[in-house]
Each structure stands twice: as structure tokens, then as C-alpha cells.
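Below are some short comments on the model, as requested. They cover the cysteines and one helix pair.

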Amino acid sequence: MIRRLLRSLLTWPDARGWGLCLLIGGLTLAFISVVAGFAGLLHWQPRTVGWPLHFLEVLLVPAFSEEVVFRGLLVPDQDETRWPALWIGAAVLVFMAWHVVEALFILPGAHQFLTPAFLACAGMLGLGCALMRYRTGSIWPAVILHGLLVWTWQVFFGGPDIRQLMA
């Protein structure tokens with residue numbers, strides 16, 4: 001698993017891989033936008049200060065740290081297994097379960113993490129990121145998608161940041 005992670009960190013997608021990631025990312029964001037919008041998880045509340053630095057924070061935690069575990073370690077390379085869908089599905093379910101654990105034990109203010117709509121969005125994000133990682137061999141498109149999604153939610157649409165959730 002450590003070799004898998006190192007390969008995913010050292011691999012950069014080619015132009016075709018980035019194109020596929022744009023398609024997967026667009027579909028992922030469309031699904032999440034619809035579900036989150038209808039469920040009331042999105043509220044237009046743009047921040048006016050601190051958002052450029054906040055992007056770097058979100059890129060590290062949760063994006064990079066979660067992608068290392070849930071995609072870098074758990075999602076196989078294309079030549080590793082006969083049943084990639086099983087591994088990808090397991091990675092998605094573990095990612096969703098992680099958000100429940102976070103809400104119950106780590107981030108006491110993260111009540112939204114326990115809603116079916118949020119978990120559906122987390123599952124879709126996990127699936128999109130896992131497909132990117134599996135198809136390109138690289139963790140970086142997943143880190144970027146994850147980071148951009150969380151940052152956009154927190155900076156423009158009223159999503160809570162970690163400091164708020166720990167209070």
C-alpha cells in the first residue's frame with residue numbers, strides 16, 4: 001500500500017488524463033450541486049476576508065490528508081487487481097463512514113456531516129476522486145477537486161470550516 005501511495009504522489013496525469021478528470025470532476029460537481037442545493041446545504045454567504053490563505057489550508061486539510069488515505073492507499077492501480085470496482089466501492093464507503101466518525105468524535109459542530117444529503121455528496125465526491133485516481137494513477141487531480149469543492153462551499157456557500165466545527 002505504501003508503494004501504491006508513493007506512485008500516486010509521484011505520478012502526474014498526461015493531457016488525456018487531465019481531460020478525463022475534467023469530465024469526471026464536472027459530473028461530480030453537477031451531482032453534488034443539485035443534491036446540496038435541494039437539501040439546503042448551500043447558502044450564498046461569501047466571505048470577504050481570509051479566503052486566499054483559506055484555500056491553502058483546505059488544500060492540506062481535508063483535501064490532501066484525506067486523499068492520501070482514501071485514494072492514495074485504498075484505490076488500487078489499474079494493474080493491481082481484477083476487481084477494481086470492489087476496492088473503489090470500499091474506498092467510497094470508508095470515506096463516507098469517516099465523515100460520520102468525524103461528526104461524532106472529532107468535530108462536534110459538524111451536524112451536517114450526519115445528514116443523508118451530505119453523505120450522498122461525500123459519496124459522490126469519493127467516487128469521483130477514486131475514479132480520477134484509478135484512471136490516471138495520480139492522487140493530484142483528486143486533491144485539486146476535493147480542495148476546490150470544500151473551499152468553494154466554505155468561502156461562498158456557507159459551509160463551516162474546521163475552526164468553527166471544533167468550537
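**Cysteines and a helix contact**

1. The structure, a predicted model, holds zero disulfides. A disulfide would need a pair of cysteine sulfur atoms within 2.5 Å, and the two cysteines taken up next do not come that close to another cysteine sulfur.

2. Cysteine 121 has its closest cysteine sulfur in cysteine 129, 13 Å from its own, which is too far for a bond. Cysteine 121 is also buried, its relative accessible area being 7%.

3. For cysteine 129, the closest cysteine sulfur belongs to cysteine 21. The distance there is 9.4 Å, again too far for a bond. Cysteine 129 counts as buried, at 0% relative accessibility.

4. On the helix pair: α1 spans residues 2-10 and α3 spans residues 51-73. The two pack at an angle of about 120°, and their axes lie 9 Å apart. Angles of 65 to 115 degrees count as roughly perpendicular and those over 145 as roughly antiparallel, so α1 and α3 are oblique to each other. Their crossing is right-handed.

5. Which residues make the contact between α1 and α3? From α1 come Ile2, Arg4, Leu5, Ser8 and Leu9, and these meet Phe64, Val68, Gly72 and Leu73 of α3. By class, the residues of this contact are six nonpolar, two polar and one charged. Gly is counted among the polar residues and Arg among the charged ones.

Note on methods. Residues are numbered from 1 along each chain as its sequence is written. This is a predicted model: local features need pLDDT of at least 70, side-chain atom pairs count only at pLDDT 80 or more; totals for chains, interfaces and linings use all residues. Side-chain values use heavy atoms; hydrogens and water are left out. Axes are lines fitted to C-alpha atoms, for helices over the stretch in contact, and angles run from 0 to 180 degrees between N-to-C directions. Helices (H or I, at least four residues) and strands (E, at least two) are DSSP runs, numbered from the N terminus. Angles under 35 degrees count as roughly parallel, over 145 as roughly antiparallel, 65 to 115 as roughly perpendicular and the rest as oblique. A crossing is left-handed if the near helix is turned anticlockwise from the far one by less than a right angle, and right-handed if clockwise. Contact means heavy atoms within 4.5 Å. Buried means under 20% relative accessible area, exposed over 50%, partly exposed in between (1.4 Å probe, protein chains only).
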